[in-house]
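Here is a short report on metal sites, charged pairs and internal space. Please read it alongside the model.

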Amino acid sequence: MNKPTDFARMPVDHDDIDSNNSSNEHFSTVLQTRLSRRNMLRGSAATAATALLGSFGLTACGGSDDDPVTPPTNPPTGTTPPPAPVEKLLGFTAVGKSLADTVVVPAGYTATVLYALGDPLTSSTPAYKNDGTDTDFENRAGDHHDGMEFFSLSDSGGVSTTGATRGLLAMNHEATTNEGLPSFFVHANGGTNALPRPALEVDKEMALHGLSVLEVRSNNGKWEYLKGSNFNRRVHQQTEVQISGPVRGNALVKTKYSPDGTKFRGTINNCGTGRTPWNTYLSGEENWAGYFTRSSTDNAARGDKSVASLNRYGMSQGASSRHGWETGGVDDKYQRWDISKKGTSTDGTDDYRNELNGEGYIVEMDAYDKTRPLKKRTALGRFAHESASFGRLTAGQPLAVYMGDDSRGEYIYKFVSTAPWNPADAVALDRIATGDKYLDSGKLYVAKFNADGKGQWIELTIANSVIANYANYKFADQADVLVNARLAADAVGATRMDRPEWCAVNPANGEIYYTLTNNSNRRVEPGSSSQVAPDAANPRSYTDMKGSTAQLGNSNGHIIRVREDAAGSTATSFAWDVYLFGAEAAADAARINLSGLTADQDFSSPDGLAFSNSTGICWFQTDDGAYTDVTNCMMVAGLPGKVGDGKKVTLSYPKTDGSTLSVDTFVGKAASADTLKRFLVGPVGCELTGITETPDGKALFVNIQHPGETTAAANVGDASKYTSQWPANAGYGAGRRPRSATLVITKNDGGRIGS
Ligand code: FEO
Ligand code: CA
Ligand code: CA
Ligand code: CA
């Protein structure tokens, strides 16, 4: 008797996975060696901690361009007329924590829904009914709006870098809401919870993933999107994407669809974003592995090193897929999601055994020109990408692109271009060719954070004998190093971080900020290879209560920042500290709330992160499950200082054998009411993500992702049981099913956002 296969792993949080079982976590060994030496000199770790408190001695870098972003102050008055009132950044009143099913912004601000799941992108596409019967998602907004960038248009519709009333929003559609059932809010009855999946459901779900480009305009301050604009575009799972850079044509990416290894279909689970200095869109492919399936006997079928690669990227044999798309039918568009070795070819051109090697890149798109191909920029490495953020530009110097790998215990990376920056390229007419110039050739580095507040960028190159001779995987060439960047990073001993999410560069001083969202596996005494001991850059492991549930590890996350040494983009060493530690305001200030957060500032699990080029404000957003008994996810505005503006702190952890693990860390200057304020709280069950603005800083666009995700799948069809009815309850659109949506935030007096 054949029983339909249940989607047993559906409830897994696919944003919360790890597959790094390398031994690189034992940074604490180095630390303890160092502390032992100190203990011999000073008597005990506790004494040492007291003696060293406040002695964090990073050399402050000089020069006016290193100054933190501070509000301008009025000059002294004299005989000249008094100056016009000066805008005070963070002058708004902080919003309180909220569990309401609404978007809360400060007094004087307005948040308006602009573009929600299912909204039509062509004039001929019908309005969204929002009852699960809608189709044609290739011409509608996808689901789970995520990272997003604004591209200015001039009044006449030309490419612009300054236009502030007309432009394009390019955004990621990361995923669909699928607790218990597949993508349940987009199917009339909640969808089919059994294999095989109906083709029509699979087609709809595939189309809901990808990217959107849409034109937006302000009519006298009222923003709207233009559903019939010729700029509008959807990228989905049938869109052809070029494989570009060193991996193009490599044996590792040859498939039945692309026997020469040059192209791929679609881009999936797109999370963070970036924009290039030449005005194109960058999209990070994050938790792509979960969409594929692999047979339980595939290791033997393969019998080669690809098994080690698949294991390291979270696809051990027998892994089932998130949605069962491979069961949609015999068509190739369904079969590609099964990466088991099925064919008899030696090179994989008769099946999809290599398909997974085509996912996991930074993808470049020209939002202004939908006739141009998308390109997977393989030189930037393959992992669970989030944002891609460019370092300060210096004419004649290579470009640096900063990136993180979002899984528990993964790494932080930097790409350095071969080509030196030519400022004329900022207005290049062929933007994709400019991408070829800067992003297809360069060096990839991984970060190692040391206990002394310094760190190294280690190049991932086949020329390094440690990589070439790595025992766990035999790299064939540099393309193999890029495809298997995680394995190369394991080989060189990179530092395992608390899930790197977005990164962003402070325009005031060029320092690079990384959100580290949380890590439930950070443990004082690791009990398995997936658990990691606290280290200087990931120093906290504690117990946080959520109701009666104990949450272990680093539940609240932190934001680390890096200052390159003198060589700038090409530096191989840096200084670092922790800008902020997420925490509940009431948590122990000596062990958990190390940044001294108050009730107006406290947050958990930072994720989205961007600096305003207009105000210099550091915006960050939360994707939290730890503090959600007290507040929905939120967005916070900060005015940070710089690396080294705080102090050294030593955390002491008692161990079961009676000894103490002491971890030094470096905490940035404590937050104050003038430098950190909660700006927005979202509706129930959502995360906040995506941050972009008009060049004048007067319109801020953010995304509300998966409101109502906490609804039990069995309750689809009974609106009274949805945990969220947003944005319908804000007066937007038909139906009561919750929808991911883009907000535009404006200030009622027409001022810049965050003032
Ligand atoms: Fe899609 Fe890393 O959050
Ligand atoms: Ca708690
Ligand atoms: Ca994210
Ligand atoms: Ca996240």
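The report takes the calcium sites first, then the salt bridges, then the cavities.

**Calcium sites**

This is a predicted model. The calcium ion (ligand 3) takes its protein donors from Cys271 (SG), Glu386 (OE), Glu501 (OE) and Asp607, which appears with two OD entries. These donors lie 2.5 to 3.2 Å from the ion. The angles among its six donor atoms run from 48 to 157°, and the site is irregular. For comparison, ideal angles for six octahedral donors are 90 or 180 degrees. Along the chain, the donors of ligand 3 follow the spacing C-x114-E-x114-E-x105-D. Cys271 sits in strand β9 (residues 270-275) and Glu386 in strand β13 (residues 385-390), so this pair ties together parts that are 115 residues apart in sequence. Cys271 and Glu386 are both buried.

A second calcium ion, ligand 4, lies 3.5 Å from ligand 3, and Glu501 coordinates both. The donors of ligand 4 are Glu501 (OE), Asp607 (OD) and Asp623 (OD), at 2.3 to 2.5 Å. Their spacing along the chain is E-x105-D-x15-D. Glu501 belongs to strand β18 (residues 500-505) and Asp607 to strand β24 (residues 606-611), so the pair links parts that are 106 residues apart in sequence. How accessible is Glu501, buried or exposed? Glu501 is buried, with a relative accessible area of 0%. Asp607 is buried too, at 1%.

**Salt bridges**

Side chains of opposite charge can pair when their charged atoms come close. The count of salt bridges comes to 46. The table gives three of them.

| Pair | Closest N and O atoms |
|---|---|
| Asp674 and Lys88 | 3.7 Å |
| Arg302 and Asp298 | 2.5 Å |
| Arg353 and Asp350 | 3.2 Å |

Asp674 and Lys88 form a salt bridge. Asp674 lies in the loop between β28 (660-667) and β29 (676-681), and Lys88 in the loop between α2 (45-52) and β1 (109-116), so the pair ties together parts that are 586 residues apart in sequence. Asp674 is partly exposed, with a relative accessible area of 46%. Lys88 is also partly exposed, at 41%.

Arg302 and Asp298 are a local pair in helix α4 (residues 298-302): four residues apart, they are separated by about one helical turn. Both Arg302 and Asp298 are buried.

In the pair of Arg353 and Asp350, the partners fall into two accessibility classes. Arg353 is buried at 8% relative accessibility, whereas Asp350 is partly exposed at 28%.

Charged residues also link up in a group. Glu285, Arg336, Glu355, Glu359 and Lys376 form a network of salt bridges.

**Cavities**

How many cavities of 30 Å³ or more does a search of the whole structure find? It finds two. The largest cavity holds about 60 Å³ of space. Its lining includes Leu117, Asp143, Thr177, Phe185 and Val186. Residues from further along the chain also contribute, among them His706, Pro707, Pro738, Arg739 and Ser740. By class, this lining has five nonpolar, three polar and two charged residues.

The second largest cavity holds about 30 Å³. Arg591, Leu651, Ser652 and Tyr653 line it. That lining divides into two nonpolar residues, one polar and one charged.

How values were computed. Residues numbered from 1 in each chain as written. Chains lettered and ligands numbered in written order. Predicted model: local features only at pLDDT ≥ 70, side-chain atom pairs only at ≥ 80, totals over all residues. Heavy atoms only, no water. 1 Å grid on protein atoms, 1.4 Å probe; cavity = no way out; pocket = protein on both sides within 12 Å on 5 of 7 lines; lining within 4 Å. Points joined across faces, edges and corners; volume = space filled by probe spheres on them. Nonpolar A, V, L, I, M, F, W, Y, C, P; charged D, E, K, R; others polar. Donors = N, O, S within 2.8 Å, 3.2 Å for Na, K, Ca; no water. Tetrahedral: all angles 85-135°; square planar, octahedral: opposite > 155°, others 65-115°. Helix = DSSP H or I, 4+ residues; strand = E, 2+ residues; numbered from the N terminus. Buried < 20%, exposed > 50% of the residue type's maximum accessible area, 1.4 Å probe, protein only. Salt bridge = Lys/Arg side-chain N within 4 Å of Asp/Glu carboxyl O.
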